[in-house]
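Subject: Structure for your review

Hello,

The structure is below, followed by notes on what was found in it. Please look through both when you have time.

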Amino acid sequence: MANTPMNLLAGGDIGTSRFVMLDTADEYECLEANANSKIIGISHESNNEAPIPSVSTYEAAVDGESIRIYGAGDICLLELAGTVAHGDYIISNADGKGVIVSPSAAGQNIGAIAAQSGVSGDKIR
């Protein structure tokens with residue numbers, strides 16, 4: 001049985017398919033994850049606005065909006081900021097995008113395991 005996605009409030013603008021972390025200043029709010037932050041899940045893949053030809057940046061949610069978060073065990077899309085191979089452990093970069101765990105770094109907060117391979121800009125499962 002699939003997990004029920006969490007619904008929290010965005011404590012700031014959160015992009016689609018990005019790692020998220022809890023907002024330590026406000027309960028029931030989340031933020032786009034920072035580099036190696038404590039990840040609680042991945043933001044949903046839908047834009048909060050209808051597609052408009054003149055708009056190039058869409059968010060999953062902006063400050064104060066409700067946002068669906070995929071958690072442990074859920075299969076969802078994650079935007080990459082580097083090359084990842086199937087089976088790699090993934091952490092967050094400064095923009096909430098996925099990057100491969102450095103094998104030499106200790107104490108990494110792993111947020112996902114790649115079910116697909118991809119390169120920067122791809123959204124993978």
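**Cysteines, cores and strands**

The sulfur of cysteine 76 lies 13 Å from the closest cysteine sulfur, in cysteine 30, which is too far for a bond. A disulfide here is a pair of cysteine sulfur atoms within 2.5 Å. Zero disulfides turn up in a search of the whole structure.

This is a predicted model, in which local features need pLDDT of at least 70 and side-chain atom pairs count only at pLDDT 80 or more, while totals for chains, interfaces and linings use all residues. Residues are numbered from 1 along each chain as its sequence is written, and side-chain values use heavy atoms, with hydrogens and water left out.

Cysteine 30 is buried, at 0% relative accessibility, and cysteine 76 is buried as well, with a relative accessible area of 11%. Buried means under 20% relative accessible area, exposed over 50%, and partly exposed in between (1.4 Å probe, protein chains only).

The largest nonpolar core (buried Ala, Val, Leu, Ile, Met, Phe, Trp, Tyr and Cys residues joined through side-chain atoms within 4.5 Å) has 13 residues; Phe19, Ile42 and Leu78 are among those that touch the most other members. A second, separate core has nine residues, including Cys30 and Ile67.

Cysteine 30 also sits in β4, as the bridge partner of leucine 22. Strands β3 (residues 19–22) and β4 (residues 29–32) pair antiparallel over three bridges. Strands are DSSP runs (E, at least two residues), numbered from the N terminus, and two of them pair if DSSP finds at least two bridges between them.

Regards

Terms used: Helices (H or I, at least four residues) and strands (E, at least two) are DSSP runs, numbered from the N terminus.
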